[in-house]
Amino acid sequence: MKAAVVFEKGNNPQYAEFPDPEIPKENEVQVTVKAASIKNLDRAIAGGSHYSVSSEKHQPKIIGTDGAGYLSNGQKVYFFSKKGTAATKVNAEKGFTIPVPEELDFITAAALPNAVMGSAMGLKFKAGMKPGDTVLINGATGVTGKIAVQVARLYGAKKIIATGRNEESLQLLLTLGADEVVSLKQPDEDFKTKIKEIHSETPVDIILDYLWGHSVEMILNTLKGNGTFSHKTRLVSVGGMSGDIIQLSSQILRGTDIQISGSGLGSWTKEETHLLFTEIIPEMFQAAVAGSIQIDTETADIKDVEAVWNSEIPAGKRLVLTI
């Protein structure tokens, strides 16, 4: 069969022949793949730098972790697989496949779930979001951040504040459900003053962060308590686009009612992951059909994978390989 394969660690994937999958095991189904989304996660896994594969010995590997296609009976499905998704056919575990509504196209079905994982799981389970919460999404102009704004609105947020550097994308977020946007391109003191004003007027219950780095340091400093009772805020780290390390004063933790956690592969329980595949993603598929959640995509034929692997994808769009 044909597939997009990384043969040597650090090299670009190639469109090449690859052995057909074996006969599916009892807990598997075979999917004829029509679309596979490509994310920073996939690039990191392919390069061997992601924490989930950093200790593994590299073997020729099909790229991708999210795909959509159909079963032998014609059922449209989304599937997740660490063994790769950008191939003509893939065996997927039954527990990691989800029926796709007939009205939903394969491209959207392949692109949406990962962004939902990166937003809904943090909001629902790590932050324990409730209707009426005020949510600050730091780094909301990327694909997952844009979905997070829409998911927070679907989950009943009272107010949504979004930060980012791309001014055009920030303005777009106002049409997707954000109530207020704050530019990260302004001087640090102006940014901190604005966040402090917002927190004073409508105390922030949840911070969903995709950047880490300097912007999180600034936000934490604006929340720093002064020895009196402070509002409880839950900060959930989902990404580290601005750096993997921050400086955190212990005084912030002692003087502020803040809870810091992370949301990603390895941080979710089996029960939470089960709910992701049985309730959360199906709910978001229906929301996409209804038009209440949308994701922007950039498509390319799998034959062109090597050419598009390192290409610059327009801000806020997810690359999807069609097969």
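Me: Which residue in E4 stands opposite valine 5?
Reply: This is a predicted model, where local features need pLDDT of at least 70, side-chain atom pairs count only at pLDDT 80 or more, and totals for chains, interfaces and linings use all residues. Residues are numbered from 1 along each chain as its sequence is written, and side-chain values use heavy atoms, leaving out hydrogens and water. Strands (E, at least two residues) and helices (H or I, at least four) are DSSP runs, numbered from the N terminus. Facing valine 5 from E4 is isoleucine 62.

Me: How many bridges join strand E1 to E4?
Reply: Two strands pair if DSSP finds at least two bridges between them. Strand E1 (residues 2-6) and E4 run antiparallel, and the number of bridges joining them is 2.

Me: Which strands stand at the edges of that sheet?
Reply: The open sheet has 3 strands with antiparallel pairing, in the order E2-E1-E4. Two of these strands have a single partner each, so one side of each is left without a neighbour in the sheet: they are E2 (14-17) and E4 (61-62).

Me: Is serine 37 buried or exposed?
Reply: Serine 37 lies in strand E3 (residues 28-38). Among the residues it touches (heavy atoms within 4.5 Å), beyond four places away in sequence, are Asp42, Ala110 and Arg318. Buried means under 20% relative accessible area, exposed over 50%, and partly exposed in between (1.4 Å probe, protein chains only). With a relative accessible area of 0%, serine 37 is buried.

Me: What is the relative accessible area of proline 131?
Reply: Proline 131 sits in the loop between helix H2 (106-126) and strand E9 (134-138). Not counting residues up to four places away in sequence, proline 131 touches Tyr155 and Gly156. Proline 131 is exposed, because its relative accessible area is 67%.
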